[in-house]
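Q: I'm new to this structure and would rather get to know one part properly than skim the whole thing. Could you pick a single part and walk me through it slowly?

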Amino acid sequence: MDISDTIFALATPYGSSALAIVRISGPLCEKIAQEACSIPLPCSKVATLRNYRSLKRDCIDQVVATYFRKGHSYTGDATLELCTHGNPLIVELIFQDLIERGCRAAEPGEFTRNAFLNGRIDLTQAEAIATMISASSKAELKVANNNLKGRLRETLLSIQEKILNLKAKIEVGIDFPEEDIPEEDRKELSNELKDILRELNDLAGQAEQTNVFKGQIKVLLVGPPNVGKSTLFNELIGIDRALVSPSAGTTRDYISNELTLGDFKIELIDAAGIRESDNRLENAGILKTLSLAKRADLILCILDSSLPFPDGFFEKLGPNDGIARIIIENKSDLTRRLKTSDKDEWRLSICSKDNSDVKKVKTLIEKKLTTLFDYDPKCNLLVESRHRKHLMDAVNNLCNAQKNMIGLKGLELSTCDIDVAMNALGEIVGEKTNEQVLDALFKNFCIGK
Ligand SMILES: Nc1nc2c(ncn2[C@@H]2O[C@H](COP(=O)(O)OP(=O)(O)OP(=O)(O)O)[C@@H](O)[C@H]2O)c(=O)[nH]1
Ligand SMILES: [Mg+2]
């Protein structure tokens, strides 16, 4: 892979379509723009209708061609975008001609890789571009947009600046050892470091939210048997998937289905109702429910409002204190025998056969997830596991720096730790990278991006 090559790829999916976009990037673009498309240069970022002529001067197609001069394109290199008719044969003929003109087919993600190598974007933006293409929930899309705009890079830069300031202050103490840093100043330095560590830990903590935005949220329906869990499950996903029957203990194996709720994508799980049972298979199902309850992000606790509260139900559910909960009192169409509890924002009385009630459940889950995960599409950032790893490296080294700050000799050591921490943060944006890191990152991109 050589950045001085001129590369080409189809930027739209392969196959018959109304239009197809062929993207070409590299030093040969200027010549191709002039010779194949007769674009009078300099003419940058203007889309014009042109005949694409091969080296043999055959007209392959009428295309809308846009030339981007070096420094003013996605990759940073001269780029030519051809919007052709969407026939794979046309695309093939153009590709053949491009090869004859000295270009080569692009590797996956090579356009974006070149954009990074040319300093057009940093690594967090490159990753955000891949997410913009693969995102499966609106939350993921909206938050990826923040990274694309460079917000994660800005956040990291501001932290790095604080670290460098701190280092400069420590270095004063090293340069003038006779003017030993007074105890008070040392405390101040340590406090500054504490603030930086807090910021880094907060940022690393956003990796968990990132998984949520990517749709890795488990929402479990739990309750005694026969309360209408499977009925509600079917109504929520809009498919008659789970068996429903008036006999208690119908569901045993758990089933799950993807569900979109506003900006979120969740995994909704229906499982066996919890009770004391003599049936071996039902008990096996209940054990599965209890184990799922420990791993869920949100529990929808379903009760039958036509019955008194099932004694010891929450005790049977086991300790899952940390897990968020919504209580749904189902069968509101029947005479109520469940004692009314205090008004609670996260409690809802419904009839699961009523469409508007099911909508209310969806809205409440969405609201709960928004609160639970501090979802704010304007502010959140996508913190990928790669970022988290480097953030934690930085945190660990700054913790060492904090310990070393105590003795005068340790001051020098602490600046070493600070340097390592700075490098770790630099790796997130790609200040220093090697081929393997870039290969690993870009191999998951699609061809043409
Ligand atoms: N009247 C009334 N009946 C309901 C409502 N929701 C569910 N049912 C009925 O309650 C019975 C049990 O429903 P299921 O959805 O199978 O209950 P479940 O909680 O999944 O039961 P298990 O799988 O045995 O744990 C069925 O006969 C449903 O038709 C409701 O809102 N009102
Ligand atoms: Mg069921």
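A: Let's start with one sheet, then look at the helices around it and finish at the ligand. Keep in mind that this is a predicted model.

The sheet is an open one with six strands, and if you go across it you meet them in the order S8-S9-S7-S10-S11-S12. The pairing is mixed. At the two edges you'll find strand S8 (255–261) and strand S12 (347–349). Each of these has a single partner strand, so one side of each is left without a neighbour in the sheet. The sheet isn't flat, either: from one strand to the next, the twist averages 25 degrees.

Now zoom in on one pair of neighbours. Strand S7 (residues 218–222) runs beside strand S10 (residues 298–304), and the two pair in the parallel sense over four bridges. If you want a spot to look at, find Val 219, which stands opposite Leu 298 in S10.

Next come the helices. Helix H9 (residues 280–295) packs on this sheet and touches S7, S10 and strand S9 (264–270). The direction of H9 makes about 140 degrees with that of S7. Then there's H11, which lies across S8, S9, S10, S12 and strand S11 (324–330). H11 runs at about 170 degrees to S11. Any angle over 145 degrees counts as roughly antiparallel, so H11 and S11 point in roughly opposite directions.

H11 has another partner too. Helix H11 (residues 355–372) packs against helix H8 (residues 229–237) at an angle of about 80 degrees, and the two axes are 10 Å apart. That makes H8 roughly perpendicular to H11. Where do the two helices meet? On the H8 side, the contact is made by Leu 232, Glu 235 and Leu 236, while H11 brings Val 358, Val 361 and Lys 362.

Stay with H8 for a moment, because the helix starts at residue 229, and that number comes up again at the ligand. There are 23 residues around ligand 1, and those that come nearest are Lys 229, Ser 230, Thr 231, Gly 249 and Thr 250. Lys 229, Ser 230 and Thr 231 fall within the stretch 229–237 that forms H8.

What holds polar atoms next to the ligand here? Lys 229 puts a polar side-chain atom 2.8 Å from an oxygen atom of ligand 1. Ser 245 does it with its backbone: a polar backbone atom of Ser 245 is 3.3 Å from an oxygen atom of the ligand. With Ser 352 it's a nitrogen atom of ligand 1 that is involved, lying 2.9 Å from a polar side-chain atom of that residue. As for how covered the ligand is, taken alone it exposes 650 Å², and the protein buries 91% of that.

So here's the route to retrace on screen. Begin at the sheet with its order S8-S9-S7-S10-S11-S12, and move to H11 lying across it. From H11, step over to H8, which it packs against, and end at Lys 229 with its polar side-chain atom 2.8 Å from an oxygen atom of ligand 1.

Note on methods
Residues are numbered from 1 along each chain as its sequence is written. Chains are lettered from A and ligands numbered from 1 in the order in which they are written. This is a predicted model: local features need pLDDT of at least 70, side-chain atom pairs count only at pLDDT 80 or more; totals for chains, interfaces and linings use all residues. Side-chain values use heavy atoms; hydrogens and water are left out. A residue is near a molecule or strand if one of its heavy atoms lies within 4 Å of it. A polar contact is a pair of N or O atoms within 3.5 Å; within protein, one must be able to donate a hydrogen and the other to accept it, and residues adjacent in sequence count only if both atoms are side-chain atoms. Accessible areas come from the Shrake-Rupley method with a 1.4 Å probe; for residues, only the protein chains shown count as cover. Axes are lines fitted to C-alpha atoms, for helices over the stretch in contact, and angles run from 0 to 180 degrees between N-to-C directions. Angles under 35 degrees count as roughly parallel, over 145 as roughly antiparallel, 65 to 115 as roughly perpendicular and the rest as oblique. Contact means heavy atoms within 4.5 Å. Two strands pair if DSSP finds at least two bridges between them.
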